[in-house]
Amino acid sequence: MNLRSLRTLSVATAAMLALAACGSEEGDGDAGAGELDLVADGTLTVCSDVPYPPFEDFDESSPSGFTGFDIDIVQAVADGLDLELAVKDSSFDGLQSGLALNAGECDLAASAMTITEERQANLAFSDGYYDSKQSLLVPVGSDVASIADLEGKRVGVQQGTTGEAYTNENASGAEVISFPSDAEMYQAIQAGQVDALLQDLPVNLVHTAGGDFEIVEEFSTEETYGLAMRKDNAALVEAVNGQLSELRDSGAYDDLYEKYFSEAAVDDAAQTSDS
């Protein structure tokens with residue numbers, strides 16, 4: 001049931017992307033790579049908090065050394081702008097606060113980052129490229145059946161994320177424990193150090209392989225991911241939106257979505273994570 005619900009996100013995502021495209025038709029694709037203010041000439045330098053499958057993960061066999069939905073998206077953007085792609089593993093807190101971009105560490109942050117008003121104060125975002133839900137993961141057999149059952153329980157979240165904010169606002173009486181990444185969160189629930197994890201649905205789904213953990217509740221929070229850039233780099237924002245529009249129009253976006261979020265893809269990712 002959870003896997004089917006993930007597949008239905010493609011419809012909402014397509015609708016959202018169509019609306020976003022309408023808002024960015026003017027000037028789409030007009031900015032060439034030669035006009036862009038980049039950290040390194042000829043290269044699109046991207047920061048991402050890794051691992052966070054299926055959005056980003058390490059992969060020594062790939063040209064960039066990384067893989068995932070976000071990585072494929074920015075690879076397509078770089079290719080469309082005739083740029084090389086360089087990916088840096090960075091902390092999410094530094095990305096969502098704008099510190100990494102404003103310090104010149106990278107040109108763009110691609111890290112399953114929800115567009116929020118607070119983040120827009122320090123960052124410029126591309127058109128939205130993915131709609132997400134939050135979810136609650138617990139061990140099979142847990143007495144936690146919903147967020148209402150978390151009082152007195154320990155809940156793992158990722159620091160600086162909308163999942164952390166949602167938990168603080170809605171998990172009354174819970175002890176919220178922040179971790180730097182999903183890897184530490186998953187290790188904590190495996191070791192019994194926390195009773196539940198609250199974070200993005202696709203990421204929690206990966207942890208359901210093997211039957212040890214299950215998702216007991218999903219939360220529709222109307223979150224949309226965007227690619228983040230410096231507020232003063234309007235040319236890059238325009239160029240990135242142009243490439244996202246081309247991905248939509250060509251059907252390449254749908255192919256990438258199917259690659260990572262079809263039921264078969266989620267099953268494969270879960271099996272790999274559990275092995």
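Q: Which helix and which strand each supply at least two residues of the lining of the largest cavity?
A: This is a predicted model, so that is the footing for everything that follows. The lining of the largest cavity takes at least two residues from each of two elements, a helix spanning 162–170 and a strand. Those elements are α6 and β10.

Q: How many residues line the largest cavity, and how many of them are charged?
A: Happily, the lining can be laid out by residue. It is made up of 16 residues, with Y52, F92, A112, T161 and D200 lying nearest the centre. Sorted by character, 4 are nonpolar and 8 are polar. That gives a lining of 16 residues, and the number of charged ones is 4.

Q: What is the volume of the largest cavity?
A: The structure holds 1 cavity of 30 Å³ or more. Its volume comes to about 120 Å³.

Q: Why is one side of β9 and of β11 left without a neighbour in the sheet?
A: Let's look at the sheet around β10. Its 5 strands run in the order β9-β8-β10-β7-β11, with mixed pairing, and the sheet is open. β9 (175–179) and β11 (213–225) stand at the edges, so each has a single partner strand.

Q: Which residue of β10 is the bridge partner of G156?
A: Strands β8 (154–158) and β10 (196–200) pair in the parallel sense over 2 bridges. Within β10, the partner of G156 is L197.

Q: At about what angle does helix α7 run to β10?
A: Helix α7 covers residues 182–190 and lies across β7, β8, β9, β10 and β11. Its angle to β10 is about 155°.

Note on methods: Residues numbered from 1 in each chain as written. Predicted model: local features only at pLDDT ≥ 70, side-chain atom pairs only at ≥ 80, totals over all residues. Heavy atoms only, no water. Pairing = 2+ DSSP bridges. Helix = DSSP H or I, 4+ residues; strand = E, 2+ residues; numbered from the N terminus. Contact = heavy atoms within 4.5 Å. Axes fitted to C-alpha atoms, helices over the stretch in contact; angles between N-to-C directions. 1 Å grid on protein atoms, 1.4 Å probe; cavity = no way out; pocket = protein on both sides within 12 Å on 5 of 7 lines; lining within 4 Å. Points joined across faces, edges and corners; volume = space filled by probe spheres on them. Nonpolar A, V, L, I, M, F, W, Y, C, P; charged D, E, K, R; others polar.
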